[in-house]
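Visitor: I would like to learn how to read a two-chain model. Where should I begin?

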Amino acid sequence: MTPRHRRMATITVLVVGMGLATALILRAFNENLMYFYSPSEIAAGKAPSARDFRIGGMVVVGSVERNPESLEMSFTLTDYAHQTRVSYAGILPDLFREGQGIVAHGRLTPEGSFIAHEVLAKHDENYMPPEVAASLKPQSLPTTAANAP
Amino acid sequence: MFASWHKYASLMHFHALSQRVSPWCFGLSAVLFAAGLIGGLGLAPTDYQQGESFRIIYVHVPSAWLSMFAYIVMATAGALSLIWKVKLGEVIARACAPLGASFTALALVTGALWGKPMWGTWWAWDARLTSELLLLFLYLGYIALQAAIDDRRAAARAGAVLALVGVVNIPIIHYSVEWWSTLHQPATITKLGAPSIATSMLIPLLLMAFASQVFFFAVLLVRTRCEILEFERHTQWVKALVGRSSMPTVIA
């Protein structure tokens, strides 16, 4: 083994070792690295009950109810398997709309609904002109009918 | 074959080669930037959801790609200098770090500017944003390490080890949006299957990405030249070169 081979081996071990160590650490902290919980995880009781957390999902079409006298509003979030009702009073991001993915930060009530103090809009990875989107629209929106099981 | 490769690894020859190549790189990147900007800001249609705001993609995505690419260049140059003792690797890694840090900062700033109107927040501690911030700290750590060690050879070795240790962060940045739930959306182009972006929007984006790439190489060549002159300041060829251009004596 020449010194060059030894250096090569040392560096390979260093990089692979770092990779393995990091992979194990990330696996151990997997739950903490999730930015939000889905309605299914909340239904399964995985979300914390004593502290704030984030919930993410699609706003069900036709589920948004607004109080005309105040900023109070509520809507239903779905991940196509389970649903959670979210209530919120505040300013919504421009991208908030029915059928849109959103992330809400807040707390679960004992009755199983979610009280948010912050609502962020998520946008997807698709970019297209409005005309193309219009021709695709009908089959791509989540509705209450998509909530089968 | 090996002899000719060895020639370009010598700092003197690389200095001369870089002087010839870098103006062409600057020229090419200027042409590509002009085409990409006209296409991206003028010709591309507005997005169905984000309207005109989506156009920040033409700065954000190329700088984010470059932030990772520059790190791979820096780590590869570091490995070359550690394993094969290639001096050129030392100077390239050193020249690369501030450039990579700048692209990372640009990606983070344009991301924040994009996040506020679309998501409703400048910053979120999700896996993608946090790992990109970590990349900035890796670059800054490398730069600080270079400044802290006076012996350039020792600084290059320590920096190369730091750069190689940090390589693990690159796949984490790329796959963060798949492995964990994040506010940042998944990949549009660098994924299996067709890119989910209209062709009229994609072409300017690829032009901007290519322009940034060529611009990166152009600046890297110039920065490497500066590093070479500093590194070899006691050699005859640098003294001759500096004397010829009738510059005042370089600081010893």
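Guide: We will go from confidence to overall build, then to helix packing and the contact between the chains.

Visitor: What does the model score for ipTM and pTM?

Guide: This is a predicted model, and the scores are ipTM 0.83 and pTM 0.88. Per-residue confidence comes next. Chain A averages a pLDDT of 86, and 91% of its residues score at least 70. For chain B the average is 91, with 93% of the residues at 70 or above.

Visitor: Where in chain A is confidence lowest, and where is it highest?

Guide: An average can hide differences between elements, so read element by element. H4(A) is the low end, with a mean of 81, and E6(A) is the high end, at 94. Also look at residues 142–149 of chain A, where the pLDDT is below 50. Leaving aside near neighbours in sequence, that stretch still has 15 contacts in the model.

Visitor: How is chain A divided into domains?

Guide: The domain assignment splits chain A into domain 1, residues 1–33, and domain 2, residues 34–146. A distance between C-alpha centres then shows how the two are placed. For domain 1 and domain 2 of chain A that distance is 40 Å.

Visitor: And chain B: how many helices and strands does it have?

Guide: Chain B has nine helices and zero strands. Written along the sequence, its pattern is α-α-α-α-α-α-α-α-α. The C-alpha trace of chain B spans about 60 × 40 × 35 Å along its principal axes.

Visitor: How do I read the packing of two helices? Take H2(B) and H8(B): at what angle do they pack?

Guide: Read the angle, the axis distance, the handedness and the residue classes in turn. Helix H2 of chain B, residues 11–43, packs against helix H8 of chain B, residues 199–231, at about 155 degrees, and the axes are 7 Å apart. Angles over 145 degrees count as roughly antiparallel, so H2(B) is roughly antiparallel to H8(B). The crossing of H2(B) past H8(B) is left-handed. In the contact of H2(B) with H8(B) there are 24 nonpolar residues, nine polar and one charged.

Visitor: H4(B) also packs on H8(B). What is the angle there, and which way does the crossing turn?

Guide: H4(B), residues 87–118, meets H8(B) at about 130 degrees, with 8 Å between the axes. That angle makes H4(B) oblique to H8(B). H4(B) passes H8(B) in a right-handed crossing. On the H4(B) side the contact residues include B:Val91, B:Ile92, B:Arg94 and B:Leu99, and on the H8(B) side they include B:Phe216, B:Arg223, B:Glu227 and B:Phe231. By class, this contact of H4(B) with H8(B) has ten nonpolar, one polar and three charged residues.

Visitor: Which classes of residue make the contact of H3(B) with H8(B)?

Guide: Geometry comes before classes. H3(B), residues 57–83, packs with H8(B) at about 40 degrees, and their axes lie 9 Å apart. H3(B) and H8(B) are therefore oblique to each other. Their crossing is right-handed. Among the contact residues are B:Tyr58, B:Trp65 and B:Leu66 of H3(B), together with B:Leu205, B:Met208 and B:Phe216 of H8(B). The contact of H3(B) with H8(B) has twelve nonpolar residues, three polar ones and no charged ones.

Visitor: Last, the contact between the chains. How many residues does it take from each?

Guide: The size of an interface is often given as the accessible area lost when the parts come together. Here we count residues instead. The contact takes 31 residues from chain A and 35 residues from chain B. On chain A, helix H1 (3–28), strand E6 (114–121) and helix H4 (130–136) each supply at least two residues of the side that touches chain B. H1(A) gives the largest share of that side, nine residues. By class, the side of chain A that touches chain B has 20 nonpolar, five polar and six charged residues.

Notes: Residues numbered from 1 in each chain as written. Chains lettered and ligands numbered in written order. Predicted model: local features only at pLDDT ≥ 70, side-chain atom pairs only at ≥ 80, totals over all residues. Contact = placed C-beta atoms within 7 Å. Helix = DSSP H or I, 4+ residues; strand = E, 2+ residues; numbered from the N terminus. Nonpolar A, V, L, I, M, F, W, Y, C, P; charged D, E, K, R; others polar. Axes fitted to C-alpha atoms, helices over the stretch in contact; angles between N-to-C directions. Parallel < 35°, antiparallel > 145°, perpendicular 65-115°, else oblique. Left-handed = near helix turned anticlockwise from the far one by under 90°. Domains from an automatic or database assignment. pLDDT = per-residue confidence, 0-100.
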